[in-house]
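Here is a quick tour to read with the structure open beside you. Have a look at the picture, then come back for the details.

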Protein chains: 2
Amino acid sequence: MPSDVKTLEHPTLDLDHFLPYRLSILSNRASDAIAQHYSDRFGLSVPEWRVMAVLGQTPGMSARDVAQRTAMDKVQVSRAVASLVDARRVKRDGDEVDGRITRLSLTAKGRAIYDEVVPLALHLEEVFLAALAPEERKTLNKLMDKLTDRISHLSVIPSQSE
Amino acid sequence: MPSDVKTLEHPTLDLDHFLPYRLSILSNRASDAIAQHYSDRFGLSVPEWRVMAVLGQTPGMSARDVAQRTAMDKVQVSRAVASLVDARRVKRDGDEVDGRITRLSLTAKGRAIYDEVVPLALHLEEVFLAALAPEERKTLNKLMDKLTDRISHLSVIPSQSE
DNA sequence: GCGAATTAGTTTCATATGAAACTATCGCGG
DNA sequence: CCGCGATAGTTTCATATGAAACTAATTCGC
């Protein structure tokens with residue numbers, strides 16, 4: 001073996017500086033930190049909480065709307081909703097016009113949980129962001145917007161561009 | 001119902017501006033965009049690729065080392081390694097001193113795949129980052145470092161530390 | 001109108017996952 | 001040496017997941 005072990009002729013990938021890897025670590029840690037709280041307290045799974053979060057913001061959405069809004073797939077939404085309905089945290093109302101659609105909204109019970117989790121979530125976000133100065137936060141948002149746009153426009157359908 | 005539907009008295013959570021949610025979307029899109037390529041081409045799962053990525057960088061690691069390095073759990077590593085060994089992409093060598101440990105490294109076949117995937121991954125990262133100016137990239141890295149540090153120090157889960 | 005193609009939502013099935021139990025080896029105290 | 005706790009890694013088991021098949025309601029084409 002040659003003595004310069006590290007300096008191979010091919011480019012190496014340093015995970016510590018590889019963006020997708022770093023994003024994954026950061027994202028998982030952030031979600032887990034919050035999930036731990038509402039899961040302990042209310043037995044909510046991540047998908048369940050996401051459904052509640054959008055319904056709290058915009059009641060009357062259909063399951064499909066929820067799926068689009070949360071970037072979850074419809075199976076995941078269907079199951080989360082079923083479980084939330086079981087727990088009387090969400091209710092389904094048939095749409096007046098379109099029989100396929102059900103309008104979803106939080107029940108009083110669901111709303112009470114929402115009203116308790118939201119401040120908790122916002123608080124934790126605040127705790128995370130305490131690491132950053134105000135204008136650093138703005139910058140972060142701006143940079144994330146740019147990246148998200150960029151990546152969204154790239155990773156289209158397989159048969160599409162490339 | 002009052003006409004101002006949106007303005008409820010409790011704080012609402014706007015997912016579009018909620019950091020953990022945004023991170024999750026961005027992270028998933030980035031990983032998926034890359035995974036799509038190496039999965040199509042080589043049938044590699046994300047955990048498998050991660051194992052190969054660290055072994056390419058640092059051969060001779062134990063499974064435990066790999067787990068620590070990639071933030072994967074040891075079960076996931078064990079399975080990814082087993083499947084990679086099956087495919088002759090990774091080999092296990094018993095440690096001279098400690099019989100519990102196996103030293104992992106890429107085979108020639110594994111190395112060939114690594115050498116093909118790395119440029120691809122780096123290229124895609126570059127494509128993502130094309131959205132940012134050079135000093136914006138530096139800033140992004142700095143901000144992510146700060147956040148990651150911050151969150152790591154908070155989520156002190158007892159059993160987690162290993 | 002009436003059948004075909006579409007869309008909303010659910011269920012099925014095969015795979016992925018992690019917690020906990022398990023096997024095997026090591027290291028230490030006596 | 002012997003045994004007991006710790007460590008490396010695997011297997012088991014129960015749950016989570018998404019792709020695809022399915023049901024039911026709507027709309028489109030003629």
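The notes below go through confidence, the pairing of the chains, two helix contacts and the DNA.

## How far to trust it

Bear in mind that this is a predicted model. Chain A comes out with an average pLDDT of 86, and 89% of its residues score at least 70. Within chain A, strand β2 (residues 102-106) has the highest confidence, at 97, while α1(A) has the lowest, at a mean of 86.

The ends of chain A are another story. Residues 1-8 of chain A stay under 50 in pLDDT, and the model gives them 0 contacts beyond four places in sequence. At the other end, residues 155-162 of chain A are also below 50, with 4 contacts in the model beyond near neighbours in sequence. Where pLDDT is low, the predicted coordinates should not be read in detail.

## Two chains, one axis

How do chains A and B relate to each other? Chain A can be laid on chain B by a turn of 180° with a shift of 0.0 Å along the axis, and the RMSD is 0.1 Å. That is what a two-fold axis does. Both copies use the same surface, too: 100% of the contact residues of chain A recur in chain B.

As for the interface itself, 51 residues of chain A are in contact with 51 residues of chain B. On the chain A side, the elements giving two or more residues are α1 (19-42), α2 (46-57), α5 (108-129) and α6 (134-154). Helix α1(A) supplies the largest share, with 14 residues. Sorted by class, the chain A side has 30 nonpolar, 11 polar and 10 charged residues.

## Helix α2 and what it packs on

Start with chain A. There, α2(A) and α4(A) pack at an angle of about 80°, and their axes are 9 Å apart. The two helices are therefore roughly perpendicular to each other. From α2(A) the contact takes A:P47, A:E48, A:V51 and A:M52; from α4(A) it takes A:Q76, A:V77, A:A80, A:V81, A:S83 and A:L84. That makes for 7 nonpolar, 2 polar and 1 charged residues in this contact.

Now switch to chain B and another partner. Helix α2 (residues 46-57) of chain B packs against helix α5 (residues 108-129) of chain B at about 100°, with the axes 10 Å apart. So α2(B) is roughly perpendicular to α5(B). On the α2(B) side you will find B:W49, B:M52 and B:G56, which meet B:G110, B:I113, B:Y114, B:V117 and B:V118 of α5(B). The contact of α2(B) with α5(B) counts 6 nonpolar and 2 polar residues, and no charged ones.

## Around the DNA

Which residues are closest to DNA strand C? Of the 19 residues that surround strand C, the closest are A:A63, A:R64, A:S78 and A:R100, plus B:G99 from the other chain. The elements giving two or more residues to this surface are α3 (63-70) and α4 of chain A, along with α4 of chain B. Helix α4(A) gives the most, with 5 residues. By class, the surface near strand C has 7 nonpolar, 6 polar and 6 charged residues.

Over at DNA strand D, 19 residues surround the strand, and the closest are B:A63, B:R64, B:S78 and B:R100, plus A:G99. Here the elements with two or more residues are α3 (63-70) and α4 (74-86) of chain B, together with α4 (74-86) of chain A. The largest share, 5 residues, comes from α4(B). The surface near strand D divides into 7 nonpolar, 6 polar and 6 charged residues.

How values were computed:
Residues numbered from 1 in each chain as written. Chains lettered and ligands numbered in written order. Predicted model: local features only at pLDDT ≥ 70, side-chain atom pairs only at ≥ 80, totals over all residues. Contact = placed C-beta atoms within 7 Å. Helix = DSSP H or I, 4+ residues; strand = E, 2+ residues; numbered from the N terminus. Nonpolar A, V, L, I, M, F, W, Y, C, P; charged D, E, K, R; others polar. Axes fitted to C-alpha atoms, helices over the stretch in contact; angles between N-to-C directions. Parallel < 35°, antiparallel > 145°, perpendicular 65-115°, else oblique. Near = placed C-beta within 6 Å. Least-squares fit on C-alpha atoms with pLDDT ≥ 70 in both. pLDDT = per-residue confidence, 0-100.
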